[in-house]
Amino acid sequence: MDNSKEKKQQCYICGAPFYSVEHAPARSFFPKDKRNNLITVPSCKKHNEDMSIDDDYVRLIIASSIANNEVAEAHFIKKCIKTLQRSEALTKTLASGSKYVLVSKGKEPPHQELAIKIDRNRFNKVMCKIAYAMFYNKFGEVWHRKFNIGTEYLLNEDNSNEPLGKLIQEAKKLIDFSSIKFEGSEPTVFKYAFMPCNGSKFDQILIMVFYEGFEVWCFADPTSNSPEL
């Protein structure tokens, strides 16, 4: 079925008439030499929010993760640091509540690195918008569910995993993660995969991987029947 006409007319979040086109994830997540065939989706006027500041905030959080590849490290040095230099408000936001914690990275001995206090509502909103865009891009219709957003890489203040982070760890013990077929034109920056649940197209788990290391899992709530940011 060709959904191209439908996609041009309906907002990817609510199905309202088309107003503008949005990139998902935002172009700022991608280095300039990795912006080939990026995903775009139609948006209505209501959901055509200027979220560039939120996108920058989340990109800085993800790109600075110790789990990422060299693409993230280079992008952080070349792009993210410049973003911080331009935005005093964003720098203050990230510095607020930050502290040093003891971490272990690969074969390196334990050492201290700076941990940033995260605004989860802000983080989750950006992830939800990307998730709705992935579903619309793949299936050509609105994802009529709200989500629970989880990741192993954002921890509680006592350095413990949040409940969904623990659930993800348990899920990985039951599935062959290497066999999952991810999609994405620039997989070193972003890739995604849907995992059906309960036989319904809408009741799925969406796994999104940024810079080959930072995973975000979106769990569709089967009791909901409309999208929610």
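This is a short tour of the chain, from the whole fold down to two residues.

**Before you start**

You are looking at a predicted model, in which local features need pLDDT of at least 70, side-chain atom pairs count only at pLDDT 80 or more, and totals for chains, interfaces and linings use all residues. Residues are numbered from 1 along each chain as its sequence is written, and side-chain values use heavy atoms, with hydrogens and water left out.

**Stop 1: the whole chain**

Select everything and show it as a cartoon. You should find 6 helices and 8 strands, in the order α-β-β-α-α-α-β-β-α-β-α-β-β-β from the N terminus on. Helices (H or I, at least four residues) and strands (E, at least two) are DSSP runs, numbered from the N terminus.

Turn the model around: the C-alpha atoms fill a box of roughly 55 × 45 × 30 Å along the principal axes. The radius of gyration is 18 Å, which agrees with the value near 17 Å for a compact globule of 229 residues; it is taken over C-alpha atoms, and the globule rule is 2.2 Å times the number of residues to the power 0.38.

Now colour by burial. Of the 229 residues, 43% are buried (under 20% relative accessible area, with a 1.4 Å probe and protein chains only). Among contacts with a separation of 6 or more, 62% link residues 24 or more positions apart; contact means heavy atoms within 4.5 Å.

**Stop 2: Thr 83**

Next, select residues 70-86, which form helix H3, and pick out Thr 83 within them. Is Thr 83 buried or exposed? Thr 83 is buried, because its relative accessible area is 3%.

Show the side chains of Thr 83 and Arg 59: a polar contact of 2.7 Å joins them. A polar contact is a pair of N or O atoms within 3.5 Å; within protein, one must be able to donate a hydrogen and the other to accept it, and residues adjacent in sequence count only if both atoms are side-chain atoms. Beyond its neighbours within four places in sequence, Thr 83 touches Asp 56, Arg 59 and Leu 90.

**Stop 3: Ile 149**

Move on to strand S5, residues 147-150, where Ile 149 sits. Ile 149 counts as buried, at 7% relative accessibility. Which residues surround it in the model? Leaving aside neighbours within four places in sequence, the contacts of Ile 149 include Phe 123, Met 127, Cys 128, Leu 164, Val 216 and Trp 217.

For a last look, draw a C-alpha to C-alpha distance from Ile 149 to Glu 183: they are 34 residues apart in sequence and 20 Å apart in space.

Note on methods. Buried means under 20% relative accessible area, exposed over 50%, partly exposed in between (1.4 Å probe, protein chains only).
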